[in-house]
Amino acid sequence: MCRPSRWFPGLLPLALILLAALGLKTSEIKHDLTTRAESALAGAGLAQRSVDVHGRDVTLGGAAFSAEGQNKAVATADAVNGVRLVNNGLTLPALEKPYRFGAVRAGDAVTLTGFTPDETTRASIVASAKKIAPNVVDKMTYAQGAPANYAALAAAALAPLGKLKAGAADLVDTSYTITGEAPDAGNYAAANAAARTLPAGMTLAKADIKAPVLSPYVWSATNDGKTVTLEGAVPSEEARAAALAAAKSALPGVSIVDRMTLAAGAPAGFGGAVGAGLSGLSHLVSGKASLVDQALSIIGIGKQGENVDTVGAYLKGALPGGFSVARNEVKVGEQHPYVFEIDRSTDGKVKVSGFAPSEAARAAAFARAKDLGAVSGAAQLAAGLPGGIDFGQSVNAGVNAIARLKWGQMILGEDGLVIHGEGDEDVVKAVRAQLAHLPAGVKLKLEDIKSIVVAAPPPPPPPPPPPPPPPAPAPEAIACQKGLLDRMANNKINFATGSAEIASASQALIDELASVLKSCPAAIVEVSGHTDNVGAADMNKGLSDRRAKAVVAALVKRGVAADHLTGVGYGEERPIASNDSADGRAKNRRIEFSVK
């Protein structure tokens, strides 16, 4: 007989045990599904992900970075064994256009703003920022719409900030702007270079990087005769280009090395002062021009005829207002052979030629030469005398000697003083005694003074018979001479300075003269060359002879018979004007034609 009253009370504990067992099993299932789902989603690229399991249903929370990522996460969770249903609770970042990224550097801190597409890119950008400064403040937010290769674009945007003490970088889609201030010239150049070295697809919209302010502001140019090296600071790339152009113009043919850096702080008129310094170098064989703020210094070896006074006068006129010459150490260049000469003729005329070591020495030498009579000629500035020879003392000794002679010549060279001349016997003895006791610094190389012996005059010779009258020139010779004179009336055959090379501008005149000579083939013509009196007489005569023969060669080349032409150089022997003026000397430098 069944008695429920007896066994029913025992069912209650049994039910409690069953319910407890079922609860434990459900908890185990939930924990298992949660663990496996979270493990599967660990590599799904979700931000702040969460997995909530109810029975065998899974609800995903957090953020995906794209629709593709969202779908991939749902599919991953759905593939977990035991999952019945996946509820998609993932959110997507907003789509941003334009897509912006910004970075601001202040000392050792960099603050990042704008957007980043995912956690991997964020980590890469933060790592790039930490290469610039140790303290990185990350204020970026997730957003869709990033350009391709975004991490590399952001790294390139950050790179110039590493060279600045303060600055800001902005990237709008692929358009880049950088502003800031560099601590020194080297970092200024490096920041500008980095701002212009961008990945493919990234464009520079603006680079406003302030150069460091340099004080004192220093620039220099050094020329060794083969290479000019530009160093120091310039305020802009335009100023750099102007300095290079000025160097090429002032010093053609030399190599140019650019070591200039960019820096702010240049004084007003800086470009003009640089141009003046480079032009000043063009007056030197070698040397250096340097600017410190508004003070220009120049040192070096001057070209022939250039010295501290001529270069200083040029710079004074070339420098912009406010600039001055602080240091001028231009030395005269060396000349070998080194010769200074004073000639005094029997009629009292005095001619000076050669070289003097300084402006003061040249002035003193001319003053002594004027003690002898009216002075003509010139002396150029040059170094070259050995250290043991005193230029001033040697000139004084030479002038003192020839002053007492009928005529005399003093020649000071690298091996000493030479005296030539003639005088009365007692004067010659006195001069020789004087030359035997010369002061220190005077080295007598040669004394060649002759006594004038007065003899009884011989009886006058019978007068010579009168010379026969010269034969009348042939009509053809007269016409030929007139044709040549007509061509030369308003023209002149010019040559390169100091040489027998006919100037290109005179080639047409040579053509015309050849045409005249070929029209009178029987004429015998002397082509004579003439010079002024500047320089040594024997050098002038040789130059005039070479020039005359150069004209003969040019005429023969154009078909004139060579055996009808003779080239002769007379040097300074036949002047047609005074050599005391530039115009007169120009007239004396000429080529003449004489038809016989």
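The legends below describe an overall view and several close-up views of one predicted protein model.

Residues are numbered from 1 along each chain as its sequence is written, and side-chain values use heavy atoms, with hydrogens and water left out. Because the model is predicted, local features need pLDDT of at least 70 and side-chain atom pairs count only at pLDDT 80 or more, while totals for chains, interfaces and linings use all residues.

**View 1. The whole protein, with 15 helices and 26 strands.** Helices (H or I, at least four residues) and strands (E, at least two) are DSSP runs, numbered from the N terminus. The radius of gyration, taken over C-alpha atoms, is 50 Å, well over the 25 Å that the globule rule (2.2 Å times the number of residues to the power 0.38) gives for 596 residues, so the protein is more spread out than a compact globule. Along the principal axes, the C-alpha atoms fill a box of roughly 205 × 65 × 35 Å. Buried residues (under 20% relative accessible area, where exposed means over 50% and partly exposed lies in between, with a 1.4 Å probe and protein chains only) make up 37% of the 596 residues. Of the contacts (heavy atoms within 4.5 Å) between residues at least 6 apart in sequence, 65% join residues at least 24 apart. About 31,200 Å² is exposed by the protein, and carbon and sulfur atoms supply 57% of this area, which comes from the Shrake-Rupley method with a 1.4 Å probe.

**View 2. The open sheet of three strands, in the order E1-E2-E3.** Its pairing is mixed, where two strands pair if DSSP finds at least two bridges between them. Strand E1 (47-54) and strand E3 (85-88) are the edge strands, each pairing on one side only, and the twist averages 20° from one strand to the next. Six bridges join E1 and E2 in the antiparallel sense, and in E2 the bridge partner of aspartate 52 is threonine 59. The hairpin of these two strands has two residues between them, and glycine 55 in that hairpin takes a positive phi near 65°. Strand E2 (residues 57-63) pairs with E3 in the parallel sense over four bridges, with asparagine 88 in E3 as the bridge partner of leucine 60. Helix H2 (residues 67-78) packs on the sheet and touches E2 and E3, its direction making about 155° with that of E3; axes are lines fitted to C-alpha atoms, for helices over the stretch in contact, and angles run from 0 to 180 degrees between N-to-C directions.

**View 3. The open sheet of six strands, in the order E13-E12-E11-E14-E15-E16.** The pairing in this sheet is mixed. Strand E13 (255-262) and strand E16 (324-332) stand at the edges with a single partner strand each, so one side of each is left without a neighbour in the sheet. Neighbouring strands are turned by 5° against each other on average, direction ignored. Strand E11 (residues 218-223) and strand E12 (residues 227-234) run antiparallel and are joined by five bridges; threonine 222 stands opposite threonine 229 in E12. Helix H6 (residues 237-250) packs on the sheet, where it touches E12 and E13, and its direction makes about 160° with that of E13.

**View 4. Alanine 264, in the loop between E13 and helix H7 (270-281).** With a relative accessibility of 25%, alanine 264 counts as partly exposed. Once its neighbours within four places in sequence are left aside, alanine 264 is in contact with Ala211, Pro212, Val213, Leu214 and Tyr217. Proline 216 lies in the loop between strand E10 (203-210) and E11, and the peptide bond that leads to this proline from serine 215 is cis, with omega near 0°.

**View 5. The disulfide between cysteine 480 and cysteine 520.** The structure holds one disulfide, a term that here requires a pair of cysteine sulfur atoms within 2.5 Å; the S to S distance is 2.1 Å. The pair links distant parts of the chain, 40 residues apart, with cysteine 480 in helix H12 (residues 475-488) and cysteine 520 in the loop between helix H13 (507-518) and strand E24 (525-530). Both cysteine 480 and cysteine 520 are buried.

**View 6. Aspartate 293, with a positive phi of about 55° although it is not a glycine.** This aspartate 293 is placed in the loop between strand E14 (284-292) and strand E15 (295-302), and its relative accessible area of 34% makes it partly exposed.
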